[in-house]
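Me: I want to know what stands behind the labels in this structure. Please set each value against its cut-off.

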Amino acid sequence: MPATMTDIEAYLDASAERRLESYRELLRIPSISALPEHAPDCRHAAEWIAGQLNAMGVEHVEVAETGGHPVVYGDWLHAGDAPTVIVYCHYDVQPVDPLDLWDKPPFEPQIRDGRMLARGAADDKGQLHMHLRATEALLATRGRLPVNLRFVFEGEEESSSVHLDAWLEARRDRLSADLVVISDTGFFEGNLPAITLGLRGLMYCQIDVTGSPVDLHSGAFGGAVENPANALARIIAGLKDADGRILVPGFYDDVVELSAADRASLAALPFDEDTYRTGLNLPALAGEVGYTTLERRGARPTLDVNGIWGGFQGEGAKTIIPAHAHAKVSCRLVADQDPDRIFELVRHHVQAIAPAGVRTTVTSLGGGNPSLTSMDHPATRAAARALEATFGQAPLYIREGGSIPVCASFGRILGLPVVLLGFTNPDDNAHAPNESMVLANHETGIRTIVRYWDELAEVPIGA
Ligand code: BES
Ligand code: MN
Ligand code: MN
């Protein structure tokens, strides 16, 4: 460990209690981006973060308007010729329902069994907080950072980052950098350190099927009219076959097939299907025929119903032909599928198979592009060295099934490579009740970030 890490270590040890308390402070702010009534909380979280950046000596700190929830920006650019890194995390969180399944209220953080329990503890306030504390430790002990940093902390990631592309485009000239580091991913099964190389994209839509303007008596009218709920069921059944193949014509046209090397590297990961299945409490795993579980969840596209409703939902029986029925449907996409094109293909196919006696509409609810990054980039290799030095083992290279739409935007709009350096454990219950972060990951991860900036200062990146 270089001598300078010893100072950092002493600083982090001495500030351990205060750091936990600031982590809890951030977690107490219910910054749920999807719910309009929480907009003031999102702003509060942004201002809290801006206050932290200011206090530690980061400059040009700004709670920047986007048209939606603000972006927190700040920079420290006094590292001369060393690389400039944009650090991205998000301070917004997912809704917390169903509340009764939480052991503790979601915005009253508690430490239990070596984990911080709260909504956002892992995704993504925990990781944002790690960057705050790593920067603070460096500035407090050395008075400087090894690299130039620009922080971009977003408040709408969990709502498809609707305003971020425009914000990046408008700021393009003021965001010059060599690299983007996103800390919003995690480790592999078994809490093994990992660097994520691939993220899936997303296409999200709603299907609405309407019949007669009001419910009809199912005895008086049944048999003579189309039933919107039956029609919706038929539409959904026409989207995917029993082998897990998506039936939308053209859907697979732009999919980059897995190379033999891709398949070999996924197959080499230490993954036990049975442990995975029992951990999920499932009778069997399922998916597209011809692909392994890791391929299915990280490198192949999907089509899933996220919600379905319509007709009578109460106790007992009510004999009606429902007036309408609805479904939320989303596709996880892989390189090089384009979410707008996939939406058009799905819409067209739904219209083509929709029964004639109802009206069917398909509405886009947003999406994002997939991304694939290289494990050969010097910045990726530096991240691997930093993880190995702090966690004591070389990271695995993995593909995540989730999406971070802004990952592709940084490439498209700013032309920058992205390193996905995240620290959460796969069993963190992200988006679910009892979300948690392993505190050992949080602590060691702060040291990894410090180490990473030291490593990056030593390698030629970009120019
Ligand atoms: N941090 C996740 C992305 C993620 C998920 C990374 C799983 C690694 C593993 C992110 O906050 C997220 O939840 N993204 C959404 C994107 C959507 C709202 C556009 C997702 O994947 O559903
Ligand atoms: Mn996230
Ligand atoms: Mn999330």
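Reply: The questions below go through a metal site, ring pairs and charges over rings.

This is a predicted model, in which local features need pLDDT of at least 70, side-chain atom pairs count only at pLDDT 80 or more, and totals for chains, interfaces and linings use all residues. Residues are numbered from 1 along each chain as its sequence is written, chains are lettered from A and ligands numbered from 1 in the order in which they are written, and side-chain values use heavy atoms, with hydrogens and water left out.

Me: What makes Asp-123, Glu-158 and His-431 donors of the manganese ion (ligand 3)?
Reply: Distance. Donors are N, O and S atoms within 2.8 Å of the metal (3.2 Å for Na, K and Ca); water is not among the atoms, so sites may look incomplete. Asp-123 (OD), Glu-158 (OE), Glu-158 (OE) and His-431 (NE2) lie 2.1 to 2.6 Å from the ion, so they count.

Me: Why is the site of the manganese ion (ligand 3) called irregular?
Reply: Its six donor atoms make angles of 54 to 157°. Six count as octahedral if opposite donors are over 155 degrees apart and all others between 65 and 115; four count as tetrahedral if all angles lie between 85 and 135 degrees, or as square planar under the octahedral rule; anything else is irregular. An angle of 54° fits neither octahedral range, so the site is irregular.

Me: Which residue bridges the manganese ion (ligand 3) and the manganese ion (ligand 2)?
Reply: Asp-123 does, and the two ions lie 3.5 Å apart.

Me: Are Asp-123 and His-431 buried or exposed?
Reply: Buried means under 20% relative accessible area, exposed over 50%, partly exposed in between (1.4 Å probe, protein chains only). Asp-123 has 14%, so it is buried. His-431 has 41%, so it is partly exposed.

Me: Why is the pair of Phe-151 and Phe-153 called tilted?
Reply: Rings of Phe, Tyr and Trp (its six-membered ring) pair if their centres lie within 6.5 Å; planes under 30 degrees apart count as stacked, over 60 as edge-to-face and the rest as tilted. Phe-151 and Phe-153 give 5.5 Å and 40°, so they are a tilted pair. Phe-151, at 1% relative accessibility, is buried. Phe-153, at 0%, is buried too.

Me: What makes Phe-188 and Phe-271 a tilted pair?
Reply: Their values are 6.3 Å centre to centre and 55° between the planes.

Me: How do you know that Arg-245 lies over the face of Tyr-252?
Reply: The charge must be NZ of Lys or CZ of Arg, within 6 Å of the ring centre and within 35 degrees of the ring normal. Arg-245 lies 4.0 Å from the ring centre of Tyr-252.
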